[in-house]
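Here's a quick briefing to read alongside the model. Take a look at the fold first, then work through the points below.

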Amino acid sequence: MRMYGLLLLGLLLAGCGESDVQTQIRRAVAIEQGNECHLCGMVISRFSGPKGEAYEQGVEEVRKFCSTRDLLNWALEPENRHARQEMWVHDMSEVPWDKPDDEHFINAEAAWYVVGSSQTGAMGPTAATFSDQAVADAFASEYGGEVLTFDQLTLGKLNQNNHGTH
């Protein structure tokens with residue numbers, strides 16, 4: 001009986017595609033001193049504000065971004081929508097704006113975004129990210145901006161008060 005259980009477990013695991021296993025083990029990783037932004041090439045650690053990370057389907061290396069604005073400009077581009085797999089952003093309710101802590105990444109698609117606030121990140125305006133809507137609302141009351149879900153974000157809304165991508 002025990003042998004059949006092990007055999008069944010082995011068959012179930014063998015039935016999982018490689019991408020399913022990769023999805024389960026991929027996590028946000030620490031942003032190191034010399035890491036460069038996937039979109040603009042700037043050194044990420046030189047800037048304040050929330051950062052982002054993403055995995056693409058079929059690519060093992062995590063993409064790191066100097067700001068949520070850069071992550072979202074990449075993620076919302078039509079050619080990248082199908083390729084993105086997992087994405088993370090800093091939970092700014094848990095970390096200081098000047099130096100976000102890499103222990104507090106949250107799922108980017110479940111986050112609340114404040115777009116158009118007076119707070120800046122790499123090269124200007126960025127989207128503040130929060131795990132809790134009430135905290136996002138309070139941030140928007142203090143610093144301005146509009147509170148949106150990931151599904152409500154568009155490139156137009158993201159870049160309406162700035163120069164677009166850099």
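Let's start with one ring: phenylalanine 139 has a relative accessibility of 10%, so it counts as buried, the cut-off being under 20%. Keep in mind that this is a predicted model. Phenylalanine 139 belongs to one of the aromatic pairs, and the structure has six of those.

**The Trp97–Phe139 pair**

- The ring centres of tryptophan 97 and phenylalanine 139 sit 5.8 Å apart with their planes at 20°, so this pair is stacked.
- Tryptophan 97 comes from the loop between strand E3 (84-90) and strand E4 (105-107), while phenylalanine 139 is part of helix H5 (residues 133-143), so the pair ties together parts 42 residues apart in sequence.
- Like its partner, tryptophan 97 is buried, at a relative accessible area of 14%.
- These two rings also join Phe130 and Tyr143 in one aromatic cluster.

**The Tyr113–Phe150 pair**

- For tyrosine 113 and phenylalanine 150, the ring centres are 6.4 Å apart and the planes are at 50°, so this one is tilted.
- Tyrosine 113 is in strand E5 and phenylalanine 150 is in the loop between E9 and helix H6 (155-159), so here the parts tied together are 37 residues apart in sequence.
- Buried or exposed? Tyrosine 113 is buried, with a relative accessible area of 0%.
- Phenylalanine 150 counts as buried too, at 3% relative accessibility.

**Strand E5 and its partners**

- Strand E5 (residues 112-115) pairs with strand E8 (residues 128-130) in the antiparallel sense, over three bridges.
- Within that pairing, tryptophan 112 has phenylalanine 130 of E8 as its bridge partner; Phe130 is also a member of the aromatic cluster.
- E5 also pairs with strand E9 (residues 146-149), again antiparallel, over four bridges.
- On the E9 side, valine 147 stands opposite valine 114.
- As a general reminder, side chains in a regular strand alternate between the two faces of the sheet.

**The chain as a whole**

- The protein chain has six helices and nine strands.
- It runs to 166 residues, and 43% of them count as buried.
- Looking at contacts between residues at least 6 apart in sequence, 62% join residues at least 24 apart.
- The accessible surface of the protein chain is about 9100 Å², with 51% of that belonging to carbon and sulfur atoms.

How values were computed:
Residues numbered from 1 in each chain as written. Predicted model: local features only at pLDDT ≥ 70, side-chain atom pairs only at ≥ 80, totals over all residues. Heavy atoms only, no water. Pairing = 2+ DSSP bridges. Helix = DSSP H or I, 4+ residues; strand = E, 2+ residues; numbered from the N terminus. Buried < 20%, exposed > 50% of the residue type's maximum accessible area, 1.4 Å probe, protein only. Contact = heavy atoms within 4.5 Å. Areas by Shrake-Rupley, 256 points an atom, 1.4 Å probe, with all protein chains shown as cover. Phe/Tyr/Trp six-rings, centres within 6.5 Å; stacked < 30°, edge-to-face > 60°.
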